[in-house]
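Colleague: Could you walk me through how to read domains, contacts and exposure in a model like this one?

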Amino acid sequence: MTEPRDPRRVPRPARRGGQPQNRTGRPPAARRPAQRPGAPRPAARRPGPARPGSGPQALRLGSPRPRLRLVSLGLTLIMLVFVVRLFQVQAVDAGAFAARANENRYVPVKLAAERGDLTDRNGVALATSVDAYDITADPSLLAPAKTKIPDAPQRAAALLAPILHVDKAALTEKLDRPGSRYELLARQQAPQVWKRIKDLRKTLDARAAAAPKSAPRPDVLVGIFADKHSKRVYPNKDLASGVLGFVNSLGKGGGGLEARLDKQLAGKDGKLVYAQSGGRRVPTAATQEHPAVPGADMELTLDRDIQWAAQQAITEQVAKSGADRGYVVVQDTRTGEILALANAPAFDPNDIAGAAPEALGNAALSDAFEPGSTSKLMSMAAVLEEGVATPSTRVTVPNRLHRGDRLFADDVDHETWHLTLNGVLAKSSNIGTILAAGQLGRTQPEANRVLYSYLRKFGIGRPTGLDFPGETDGILAQPQAWNTSQQYTIPFGQGLSLNAVQAASVYSTIANGGERIAPTLVRGSTGPDGRFAPAPKPARTRVVSQKTARTLATMLESVVDDEEGTGAKAKIDGYRVGGKTGTSNRVDPKTGRYHGYTASFAGFAPADKPRITVYCAVQNPTKGSYFGGQVCGPIYQQVMAFALKTLQVPPTGAKPPRLPVTFRPGQ
Amino acid sequence: MRGQGRPRGAPKRLSALFPATPAAPGTAARTPFVLLIVVLLGSGLITLLLLNSALNQGSFELSRLEKKTDELTDEQQALQQEVDGYSAPGALERRARRLGMVPGGAPAFLLPDGTVRGKPGVAGADGAPLSSSAEPSAAALLRATTAGGPAAPRVPATPPVVPPSVAPPVPAGSGTLGPQSTPAAGAAPGHPAPAPAASPVSAPARVPASTARSSGSAPAPAPTTPGR
């Protein structure tokens, strides 16, 4: 390429092969005849910057216009790309991008609704919610490298251990993990505990600030934090724990009424949405706030004092008898409201983790057991209501009675008894009851059907109406399915099963003049607006006539009042008390066979103007007596006397009629 | 400026702004107007500032009060829990027994016409009997055999100089806790003088009571078929 540019070269005329040099179409004058013969074909000529021909003239520059055009074209293209992108961002995909931006900009915060209280019938709180703090730590802030204190975790643990009531060594172990960013030190502490830690930190901070700058010693409590949340508190500990239930760690009802009424108690969580930037709230940006709706306060029918008396009595008796468990039900006969529902053993709902698993739940509603002689009241009600006998009807009770495939006996070996129907109930004769119930129909199947209809009307084998979690309906087979021995045992309370509330309801029905009122546990609720809304009225069904009920009440009085009655231990001076003892064979839930006994007592007072029903049952008493009158009679007496006093029920002052128990044959 | 055309040239403009002599009547009242505007603007700014700081003051006040509310709520809850702890029936009963109180029996009711209903009994060391039947009061029995607590805390309440053994053994209330046998023990909680006698009485009384229960009220032989 250099050669043709050499101006000093002698032009050579001769050319080989007539090369087409004039390709570029330049004028011949400008053409350089400089091709050497030995040179290869010259490359295409270009307008070189320095042309020999124009040497002395001004440098010819390229025109700027094309370049400008090129640059502006490039810029335009770039701008176009930008514009297109802008259009896409702002117009085409605007919604999606805005949504993605909002996702990061707006932070929703849950505003927890306050859970409603459970109170007794007088407004005393049985379950309430308080503020609590989980004390947490960030151990990495206590690492010796950061604090320049070699034993910072130990010091912090020494300070915290007495406040949190946690073992110092355990705290040290948790705090001495420099790699960890989160440790839970103590759960559900009172606000006062967190306040003490804060105060301590403040004094330590002041001391740290006063220290010389050369050796900065930061506060050793620097990495201690607290999470605020709500805690459920049961001020009366295990009182009525079976009824109240408990709240699980998520703050939802886990059992009992806490679970049953969870919807009303929980309220509605609120929401606060605010704009944030770099983790801080933007003060001027609009915030959206939906305040939380607190849960309603539920007022129960329980009376705290009666509940305590019942629970105290049954707990003592269960321990004394070495029994598996026991229940006491106290019911207002006029309204069907349950005044007390006590279980033994109970549990402390403040400490669910430490509770015995078999004590959880409400055994008075979830246990089905054979009622025994307390069930004879229903047979008597059927007999009287059907008009096949009166209280003075004479029943001759032999020592043994052969029925079906069995030989039935009474609990005491006796000569032939000459009892009235009243005496059959007072002395709790099985044979007498079988004989009386046999009169209900012309044939045994017919008698079975009649008895069954009465049992059903009394609420046996159907839900109590409380709709309590884990409640049992009991077991009552259809009359055509009763087997040979069942049709003779059901009249005296074996071969069917019920729960304690159903049993209490039977006696309340008689006490209320033969009209059954479904038992209730909730009186009403007080909403966030402070207005009290009473619970719906319970269902009322007539079971027996008023006359029959009154007769039965006087018969029940003989059980307690008569020297020959089985319930003498239930007497309360000054009051007319009606009741019935029960001692039944108990089905062992483990083996499904009869093993041990169920001792029970049911009754109401005052007998002539009933106000309160008390039912007591003790499962499998192993120490001392196992008779209902001995085990549960005193509990009935104690609880009934307490309830009468608490509700200020005066004695009626009327003389008991004293129906005859026995008769002399031949008179 | 005023529709009369712009003065040309710097000196003219200056002179137009600051007239040396009271010029035409149209331009005379300019200064108060400017002052008015300045005052208006200034006061507006200051008002805005005050308003802003007042708002901030309000928010400071709000957060201070909210904090205080939280603190007071916490305190109220703590106090409420303390009160609940004292007023729980179990705690009440324990303290009542420590004071030497016993559960009362069935109360008597005085009606408007003067009649008295109910049969109140005299309270023994373990509470008033609920029924004066042949057997010892079941309720008193239950408390006597299970609750060892009631008698024990009462001892320190008496003057320690009087040793319990000095007190004469009173066999009165051994078998039954009936009304006629209990006045000495019944008066015990109220008066300090007979108190030392009360505590030894309750101790021996409990032993025969429990033995009487196991021997005297022996249940019938075990039944073959349940009943009762």
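Modeller: Happy to; we will go from domains to the chain contact and then to a single residue. Keep in mind that this is a predicted model.

Colleague: Into which domains is chain A divided?

Modeller: Chain A has domain 1, covering 111-137 + 156-166 + 174-298, and domain 2, covering 305-349 + 367-525 + 537-646. Their C-alpha centres are 48 Å apart.

Colleague: How many residues of domain 1 of chain A are in contact with domain 2 of chain A?

Modeller: On the domain 1 side there are 20, facing 16 residues of domain 2. Helix 7 (241-244), helix 8 (256-260) and strand 11 (297-300) of chain A each give two or more residues to that domain 1 side. By class, the domain 1 side holds 10 nonpolar, 5 polar and 5 charged residues.

Colleague: And how many residues does each chain bring to the contact between chain A and chain B?

Modeller: Chain A brings 50 residues and chain B brings 32. Several elements of chain A supply at least two residues each, among them strand 3 (125-137), helix 6 (191-210) and strand 22 (578-587). Helix 20 of chain A has the largest share, with 6 residues. The chain A side comprises 18 nonpolar, 21 polar and 11 charged residues.

Colleague: Now a single residue: why does B:Asn52 count as exposed?

Modeller: A residue is exposed if 12 or fewer other C-beta atoms lie within 10 Å of its own. B:Asn52 has 10 such neighbours, so it counts as exposed.

Colleague: Where does B:Asn52 lie in chain B?

Modeller: B:Asn52 is in helix 2, residues 30-87. Its C-alpha atom is separated by 71 Å from that of B:Phe109, 57 residues apart along the chain.

Terms used:
Residues are numbered from 1 along each chain as its sequence is written. Chains are lettered from A and ligands numbered from 1 in the order in which they are written. This is a predicted model: local features need pLDDT of at least 70, side-chain atom pairs count only at pLDDT 80 or more; totals for chains, interfaces and linings use all residues. Helices (H or I, at least four residues) and strands (E, at least two) are DSSP runs, numbered from the N terminus. A residue is buried if 20 or more other C-beta atoms lie within 10 Å of its own, exposed if 12 or fewer, and partly exposed in between; C-beta atoms are placed from the backbone. Domain bounds come from an automatic or database domain assignment. Two residues are in contact if their C-beta atoms, placed from the backbone, lie within 7 Å. Ala, Val, Leu, Ile, Met, Phe, Trp, Tyr, Cys and Pro count as nonpolar, Asp, Glu, Lys and Arg as charged, and the others, Gly among them, as polar.
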